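Let's take a walk through this structure together, one piece at a time. Keep the picture open and turn it as you read.

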Amino acid sequence: MTELHQNLINGEWVGADASENINPSNTNEVIGLYARASQQDTLDAIAAAKAAFPAWSRSGILQRWEILSKTAHEIFARKAELGELLSREEGKTLAEGIGEVTRAGQIFEFFAGEALRLTGESVPSVRPGVGVEMTREPMGVVGIITPWNFPIAIPAWKIAPALCYGNTVVFKPADLVPGCSWAIVEILHRNGLPKGVLNLVMGRGSVVGQTMLDSKDIAAQTFTGSVNTGRRVAEASVKHMRKFQLEMGGKNPTIVLDDADLAVAVETTAQSAFYSTGQRCTASSRLIVTEGIHDKFVAALTERVRAINVGDALHKDTHVGPVVDPSQLKQDTDYIEIGKSEGARLVVGGELLKRDNPGYFLQPALFTEANNQMRIAREEIFGPVAAVIRVKDYEEALAVANDTDFGLSAGIVTTSLKYATHFKRNAEAGMVMVNVPTAGVDFHVPFGGRKGSSYGPREQGKYAQEFFTQVKTAYTAAG
């Protein structure tokens, strides 16, 4: 029989109602059964986290370091196993799956160190004989809601700092990909995390997520997902005056200038737009190309896209795996038809593919003759679909790049120090890439955007403390 993976509530594995976790590379394969939490389960998890907070928030830094460090080491040791699980449930290639698991381990290792580096400030008051201390304290119960496209890295970069800084957690992973989330919670639980500190409630957003948002006992809510759901998180959080952090969509540009190295431009844009099946909020779906290099670039990128092998995520010769599920596949193909109807030219890809096993396989699609007012250039598709926009020069390219409701990531390919420097300063995005893909950031530096892409403090690195802690100022009179 297929194993049932239960929710973790107050240190106990509970739950019977379950859903199947299906492999998008082979829809005949059920990866596992994963329990779906009820409203009462979620309320119990919140109550457990609230009860566990006083002790955990005052726990020793060595205890936190040890748990997070042991978790990191186990993730590293099991990266092949967990990477395969990730690829089976989400559809990333095995190399990408193992890479993401490795990143999760690095994140836990980083925040294990941060537990030993908690700092504050001590300054003299303007009043003689009085000292002032500024310290950081945990928020309380943190609600964590994560998406399906990075099923282990994003949970890691939210859970690790939450625990590092002394918060307790109620964690709801994406209903579509619960496997990696269950694995990471099981590792933390087995490595000594006290009961109630981390609670896993898998299931539907309409049940689990909504119960979390309705609770006055959640002190801070961090969310990564769609813009529409992000707005609901914001509205609910304001009602309870809770701290909240949102990472949402992107419509990221990559500019290719006339002076660019053509090979670098082609590889950078192909990696940015199509790898991980384009299912990254940092993916570049707008390729803004100046006139002098446009035709050569389009010809070369077209051949590069034709050479992309789409197939089973676990096959060693696969470059791009399947789309994650039927709903996302329909969204991708609908936008391909929208692009055609708007007058853009589909030069390569866009076809549904058949492989040995049934799955959601789509050849990456490249449009040309697009403009920045088309829906395929303004709305997030979240699939392997990119549009080339021809512009006259750098100045027009920058204006087009910034003409978007989003502001997560932006890239440029150029050999000009002048244009690279200007772009880094003037691109309206939280992350800027020069001659490297827009998708892919380090684990020890801040992640986040501006405009409609993000709200609240940055994630990752030392900047994570801005969300997961609150500042206290204390005065002491001498003598």
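## A guided walk through the fold

Before we set off, keep in mind that this is a predicted model. A good place to begin is strand S21, which covers residues 409–413. Is this strand buried or exposed? Here 5 of the 5 residues are buried, so S21 is largely enclosed by the rest of the structure. You can follow this on both sides of the strand: Ser409, Gly411 and Val413 point one way, Ala410 and Ile412 point the other way, and all are buried. That fits a simple pattern: in a regular strand, side chains alternate between the two faces of the sheet.

Now look at the partners of S21. Strand S13 (residues 252–256) runs parallel to S21, and 3 bridges join the two. If you want a spot to anchor your eye, find Val256, which stands opposite Val413 in S21. Strand S22 (residues 431–434) also pairs with S21 in the parallel sense, this time over 4 bridges. There the residue to look for is Ser409, which stands opposite Met431 in S22. To get from S21 to S22, the chain passes through helix H14 (residues 417–426), and this β-α-β crossover is right-handed.

Next, move to helix H7, which spans residues 205–214. Which of its residues are buried? They include Val208, Gly209, Thr211, Met212 and Leu213. Several elements help to cover the buried residues of H7, among them helix H1 (39–57) and helix H8 (227–239). Strands take part too, including S8 (141–145), S9 (168–172) and S11 (220–224).

H7, S11 and H8 turn up again at the largest pocket, so to speak, as contributors to its lining. About 1,100 Å³ of space lies in this pocket. Of the 42 residues that line the largest pocket, the closest to its centre are Trp148, Gly225, Ser226, Val227 and Thr229. H7, S11, H8 and helix H11 (326–342) each supply at least two residues of the lining. Which element gives the most? That is H8, with 6 residues.The structure also holds cavities: there are 3 of 30 Å³ or more. About 100 Å³ of space lies in the largest cavity. It is lined by 15 residues, and the closest to its centre are Gly278, Ala283, Ser285, Phe382 and Gly383.

Hold on to Ser285, since it gives us a way to the next stop, Val388. How many residues apart along the chain are Val388 and Ser285? They are 103 residues apart along the chain, and their C-alpha atoms are separated by 8.4 Å. Val388 is found in strand S19 (residues 385–391). With a relative accessibility of 1%, Val388 counts as buried, because buried means under 20%. Leaving out residues up to four places away in sequence, Val388 touches Leu287, Val289, His294, Phe297, Val298, Leu366, Phe367, Thr368, Glu369 and Ala370.

Thr368 from that list deserves a stop of its own. You will find Thr368 in strand S18 (residues 365–370). Thr368 is buried as well, and its relative accessible area is 3%. Not counting neighbours within four places in sequence, Thr368 is in contact with Val298, Ala344, Arg345, Val347 and Val388. Val298 is therefore a contact of Thr368 and also one that Val388 touches.

Let's finish with two open sheets. One has 3 strands in the order S6-S7-S25, with antiparallel pairing. Strand S6 (121–124) and strand S25 (469–477) stand at the edges with a single partner strand each, so one side of each is left without a neighbour in the sheet. From one strand to the next, the twist averages 20 degrees. Strand S7 (residues 130–138) pairs with S25 over 9 bridges in the antiparallel sense, and Thr135 stands opposite Lys472 in S25.

The other open sheet also has 3 strands, ordered S1-S5-S4, but its pairing is mixed. At its edges stand strand S1 (4–5) and strand S4 (18–23), each with a single partner strand, so one side of each lacks a neighbour in the sheet. S4 and strand S5 (residues 26–35) run antiparallel and are joined by 6 bridges. To see that pairing up close, look for Asn21, whose bridge partner in S5 is Gly32.

Note on methods. Residues are numbered from 1 along each chain as its sequence is written. This is a predicted model: local features need pLDDT of at least 70, side-chain atom pairs count only at pLDDT 80 or more; totals for chains, interfaces and linings use all residues. Side-chain values use heavy atoms; hydrogens and water are left out. Buried means under 20% relative accessible area, exposed over 50%, partly exposed in between (1.4 Å probe, protein chains only). Two strands pair if DSSP finds at least two bridges between them. A crossover is right-handed if, with the strands pointing away from the viewer, the path from the first strand over the helix to the second runs clockwise. Contact means heavy atoms within 4.5 Å. Axes are lines fitted to C-alpha atoms, for helices over the stretch in contact, and angles run from 0 to 180 degrees between N-to-C directions. On a 1 Å grid over the protein atoms alone, a cavity is a set of points where a 1.4 Å probe fits but cannot get out, and a pocket is an open set with protein on both sides within 12 Å along at least five of seven lines; lining residues have an atom within 4 Å of a point. Grid points are joined across faces, edges and corners, and a volume is the space filled by probe spheres set on the points.
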